[in-house]
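This report goes through a few parts of one protein structure. Please look at the sequence and the model before reading on.

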Amino acid sequence: MESIFEVAASLVEQCRIAVSADGLAMRAIDAECVSLLELRVDAASFDSFDVTEGVLGVNVQHVADALSVGDAGDVGRLILDATTSELEIDVDGITRTTELVPAASIRTPPSLPEIESPATCHISRSDLSFALSAASALSERVEIDIDADDGELRFCADDDIDSMAYRRKSQELVAFEPADALARFETSRLRTIDRALPVRLLVNWR
């Protein structure tokens with residue numbers, strides 16, 4: 001649960017959480033309308049899941065902070081007090097209460113059109129972290145390039161004097177469906193998201 005809310009907090013301060021018998025669902029967009037979060041957690045992922053369908057508005061950083069006091073394997077409980085509009089977070093006997101945010105006051109993310117992805121690659125979290133760390137040492141921006149002919153994924157950055165490139169061949173990736181593609185991102189934005197991801201995660205890049 002801590003990882004879920006840390007990922008959300010890396011993009012937004014407040015978020016709507018849709019609750020149903022199927023589980024939890026989050027959709028949020030950052031203030032610059034650049035990054036979109038869409039995250040679902042099945043009810044089966046919880047030891048116990050007893051809910052009434054509805055939408056909650058929460059400060060995701062407050063929830064992440066409350067969950068951070070526990071260790072891996074600790075059982076956490078989230079209990080809604082509808083009479084006071086508060087969320088009670090209990091971890092290993094430590095209880096923290098946070099006020100809910102009116103869901104209507106949180107911006108609803110736009111519906112995105114279906115986008116044809118020219119290429120797809122699965123890269124390990126450690127490779128992604130290494131590439132972004134190297135790129136951020138040189139530039140505020142990183143180019144992510146897929147070369148179908150050479151069969152490789154490249155992270156490139158440069159300043160006025162120096163340049164860097166981190167290459168991963170198809171055999172060094174978890175999965176690779178190549179096509180010529182190029183995208184540019186702010187390194188700080190990607191590193192903020194990267195730091196919130198679980199260490200063993202595989203990143204699906206499209």
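Is the crossing of α1 and α2 left-handed or right-handed? The crossing of these two helices is left-handed. The model used throughout is a predicted one.

## Helices α1 and α2

Helix α2 covers residues 60-67, and α1 covers residues 2-9. The two pack at an angle of about 145°, and their axes are 8 Å apart.

On the α1 side, the residues that meet α2 are E2, F5, E6, A8 and A9. Their partners in α2 are V60, Q61, V63, A64 and L67. Sorted by class, this contact has seven nonpolar residues, one polar residue and two charged residues.

## Helices α3 and α4

Further along the chain, helix α3 is formed by residues 125-136 and helix α4 by residues 187-196. Their axes come within 10 Å and cross at roughly 150°. Because angles over 145 degrees count as roughly antiparallel, α3 is described as roughly antiparallel to α4. The crossing of α3 and α4 is left-handed.

From α3, the contact takes in R125, L128, S129, L132, S133, A135 and S136. From α4, it takes in T187, L190, R191, D194 and R195. The classes represented in the contact of α3 with α4 are nonpolar, polar and charged, with four residues of each.

## The second largest pocket

The second largest pocket holds about 1,200 Å³ of space. Its lining is made up of 36 residues, and those nearest the pocket's centre are M1, F46, G76, R77 and L78. By class, the lining has 21 nonpolar, eight polar and seven charged residues.

Which elements give two or more residues to this lining? They are the helix α1 and the strands β1 (14-20), β4 (54-59), β5 (76-81) and β6 (86-91). Of these, β5 gives the most, with five residues.

## Residue S20

S20 is part of strand β1. Setting aside the neighbours within four places in sequence, S20 is in contact with F49, V51 and E53.

How far apart are S20 and N59 in sequence and in space? In sequence, S20 and N59 are separated by 39 residues, and in space their C-alpha atoms are 20 Å apart.

Conventions:
Residues are numbered from 1 along each chain as its sequence is written. This is a predicted model: local features need pLDDT of at least 70, side-chain atom pairs count only at pLDDT 80 or more; totals for chains, interfaces and linings use all residues. Side-chain values use heavy atoms; hydrogens and water are left out. Axes are lines fitted to C-alpha atoms, for helices over the stretch in contact, and angles run from 0 to 180 degrees between N-to-C directions. Helices (H or I, at least four residues) and strands (E, at least two) are DSSP runs, numbered from the N terminus. Angles under 35 degrees count as roughly parallel, over 145 as roughly antiparallel, 65 to 115 as roughly perpendicular and the rest as oblique. A crossing is left-handed if the near helix is turned anticlockwise from the far one by less than a right angle, and right-handed if clockwise. Contact means heavy atoms within 4.5 Å. Ala, Val, Leu, Ile, Met, Phe, Trp, Tyr, Cys and Pro count as nonpolar, Asp, Glu, Lys and Arg as charged, and the others, Gly among them, as polar. On a 1 Å grid over the protein atoms alone, a cavity is a set of points where a 1.4 Å probe fits but cannot get out, and a pocket is an open set with protein on both sides within 12 Å along at least five of seven lines; lining residues have an atom within 4 Å of a point. Grid points are joined across faces, edges and corners, and a volume is the space filled by probe spheres set on the points.
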